[in-house]
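Welcome! Please take a moment with the sequence and the 3D view, and then let us walk through them together.

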Amino acid sequence: MVVLTKIYTKTGDDGTTGLGSGERRKKFDLRVDAYGTVDETNAAIGMARLITGKDAGLADLDAMLARIQNDLFDLGADLSTPPTDEDLGYEPLRVVEAQVARLEAEIDTLNGDLSPLNSFVLPGGSDASAPLHLARTVSRRAERLTVELADAEPGQVSQHARRYLNRLSDFLFVASRWANDKGAADVLWVPGKNR
């Protein structure tokens, strides 16, 4: 259980932050950047939910997004606590296969309502779709940083965390199309249109 009694601690005034393991790292450290960008993804999804939460036709999508937001806190906890042989005094929270599988099933559910694409989709279309596209691009950045972290610190990033982020951007792409009247309001790229 998380208990926050004091919001500022002043411990970061020296330019470092504490990982879940208690280790201190620079605030620009790759690991901190990775889980910080996961947090940014979560905030972008929160912006989309301001719209999906008010539209009865998007209630199922909003419920999926709520589950994802919770998963992203799990993912942030996972990334902020590198594996260690030391006793941390608690069991670190890790993303598990079931979370990846659920995300895949939800992608399939939404995608089942969509027509196949014959062009790339421009971000936008509807009030809900535009912020979902933004969340997709932020999640891709989180994935790139996490993959870079996995390369920089071999064995220190779980396969499930990487797979979850890869599926998340796929989910957000499909969700943005689904929010565009199940693809009918997609704005398609026309190559060379303005030459």
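**A guided walk through the model**

We begin with Phe120, which sits in the loop between helix H3 (97-111) and strand S3 (121-122). Keep in mind that the model you are looking at is predicted. Is Phe120 buried or exposed? Its relative accessibility is 60%, so Phe120 counts as exposed, the cut-off for that word being over 50%. Phe120 also has company: together with Leu122, Val187 and Trp189 it makes up a nonpolar patch on the surface. The accessible area of these four residues together comes to about 390 Å².

From the surface patch, let us turn to a pocket. The second largest pocket has a volume of about 290 Å³. Which elements give two or more residues to its lining? They are strand S1 (16-18), helix H1 (30-52) and helix H2 (59-79). If you would like to find the lining in the 3D view, look for Thr17, Gly18, Tyr35, Val38, Asp39 and Asn42, and then for Leu72, Phe73, Gly76, Ala77 and Ser80. By character, the lining residues of this pocket divide into five nonpolar, five polar and one charged.

Next come the charged pairs. Side chains of opposite charge can pair when their charged atoms come close. How many salt bridges does the structure hold? There are 14, and a few of them are worth a visit.

Start with Arg102 and Asp71, which form a salt bridge whose closest N and O atoms are 2.7 Å apart. This pair links distant parts of the chain, since Arg102 belongs to helix H3 and Asp71 to helix H2, 31 residues apart. The two partners can also be described by their accessibility. Arg102 has a relative accessible area of 22% and is therefore partly exposed, whereas Asp71, at 6%, is buried. The cut-off explains these words, because buried means under 20% relative accessible area.

Now move along to Glu104, which is partly exposed with a relative accessible area of 26%. The side chain of Glu104 meets that of Arg163 in a salt bridge, with 3.7 Å from N to O. Glu104 lies in helix H3 and Arg163 in helix H5 (residues 159-179), so this pair ties together parts that are 59 residues apart in sequence. Glu104 also meets the side chain of Arg167 in a salt bridge, here with 2.8 Å from N to O. Arg167 lies in helix H5 and Glu104 in helix H3, so parts 63 residues apart in sequence are tied together by this pair. Salt bridges can also share partners, and in this way Arg67, Asp71, Arg102 and Glu106 are joined into one network.

Our last stop is the loop between H5 and strand S4 (187-188), where Asp181 is found. What is the phi of Asp181? It is positive, about 50°, although Asp181 is not a glycine. With a relative accessible area of 57%, Asp181 is exposed. Lys182 is also found in the loop between H5 and S4. Phi of Lys182 is near 55°, again a positive value in a residue other than glycine. Lys182 has a relative accessible area of 41%, and so it is partly exposed.

Methods
Residues numbered from 1 in each chain as written. Predicted model: local features only at pLDDT ≥ 70, side-chain atom pairs only at ≥ 80, totals over all residues. Heavy atoms only, no water. Patch = residues over 30% accessible without salt bridge, like charges linked within 9 Å, V, L, I, M, F, W, Y side chains within 5 Å. Areas by Shrake-Rupley, 256 points an atom, 1.4 Å probe, with all protein chains shown as cover. Helix = DSSP H or I, 4+ residues; strand = E, 2+ residues; numbered from the N terminus. Buried < 20%, exposed > 50% of the residue type's maximum accessible area, 1.4 Å probe, protein only. 1 Å grid on protein atoms, 1.4 Å probe; cavity = no way out; pocket = protein on both sides within 12 Å on 5 of 7 lines; lining within 4 Å. Points joined across faces, edges and corners; volume = space filled by probe spheres on them. Nonpolar A, V, L, I, M, F, W, Y, C, P; charged D, E, K, R; others polar.
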